[in-house]
Amino acid sequence: YLAGLTDVYSEREEKSFNNYILCSDYTSAGMSADPKFYATADKIQLPDEFVGKYKGRKDLEFVKTYGDSMTNVIPEGATIGYVTDDILSQIKAGDIVLYRYGSDFGVKRYYDIGDSILFKYDSKNKEHEGKFIVYPKDEKLKIIGKVAIINTIIE
């Protein structure tokens with residue numbers, strides 16, 4: 001408008017933002033169910049356009065990944081967003097989940113195989129080709145979240 005390229009004046013569109021939990025590591029992931037944790041957890045402010053259909057969700061959290069077991073879809077060191085609410089009803093075969101089994105944490109592709117869950121690697125590293133982990137469905141297994149936002153680098 002000021003340069004004379006258009007006769008239409010428009011206000012610059014304001015971007016809307018929301019705050020989300022940023023977990024320091026896998027061990028703190030999914031802890032937002034505890035009000036004490038939520039009050040003290042690190043937060044990250046992201047524009048709604050960045051999180052898309054997940055904007056404003058209180059169950060959307062972020063955690064930094066490490067390792068190369070999922071590099072076909074998640075770059076090493078990327079920060080992923082995952083949803084925690086009612087995830088067992090939302091997960092389908094092949095979805096990427098954040099899980100804990102006892103003291104082991106991971107991000108892998110999910111497959112329900114009856115009495116157990118198979119977690120499959122998806123890596124560019126040839127050493128991980130065909131690799132998977134199987135855990136029984138018992139009290140040690142917890143699906144923390146379904147990965148909703150991947151391939152993000154957040155500093």
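Q: Buried means under 20% relative accessible area, exposed over 50% and partly exposed in between (1.4 Å probe, protein chains only); on that basis, what makes strand 4 (residues 79-83) mostly covered?

A: Five of the five residues in strand 4 are buried, where strands (E, at least two residues) and helices (H or I, at least four) are DSSP runs numbered from the N terminus. Thr79, Gly81 and Val83 lie on one side and Ile80 and Tyr82 on the other, and all are buried, which leaves both faces of strand 4 covered. This is a predicted model, in which local features need pLDDT of at least 70 and side-chain atom pairs count only at pLDDT 80 or more, while totals for chains, interfaces and linings use all residues. Residues are numbered from 1 along each chain as its sequence is written, and side-chain values use heavy atoms, with hydrogens and water left out.

Q: How do you know that strand 3 and strand 4 pair?

A: Two strands pair if DSSP finds at least two bridges between them, and strand 3 and strand 4 have five bridges, in the antiparallel sense. Leu60 stands opposite Val83 in strand 4.

Q: Why is Ala93 called exposed or buried?

A: Ala93, in the loop between strand 4 and strand 5, has 62% relative accessibility and therefore counts as exposed. Even with residues up to four places away in sequence left out, Ala93 touches Tyr110 and Tyr111, contact meaning heavy atoms within 4.5 Å.

Q: What makes Tyr99 and Phe119 a stacked aromatic pair?

A: Rings of Phe, Tyr and Trp (its six-membered ring) pair if their centres lie within 6.5 Å, and planes under 30 degrees apart count as stacked, over 60 as edge-to-face and the rest as tilted. For Tyr99 and Phe119 the values are 3.9 Å centre to centre and 15° between the planes, and the pair is accordingly stacked. This pair links strand 5 to strand 7, across 20 residues, and both Tyr99 and Phe119 are buried.

Q: Why are Tyr101 and Tyr135 called stacked, and why is Tyr101 called buried or exposed?

A: Their rings are 4.2 Å apart centre to centre with 15° between the planes, which fits the stacked class. Tyr101 lies in strand 5 and Tyr135 in strand 8 (residues 132-136), so the pair ties together parts that are 34 residues apart in sequence. Tyr101 counts as buried because its relative accessibility is 13%, and Tyr135 does so at 11%.
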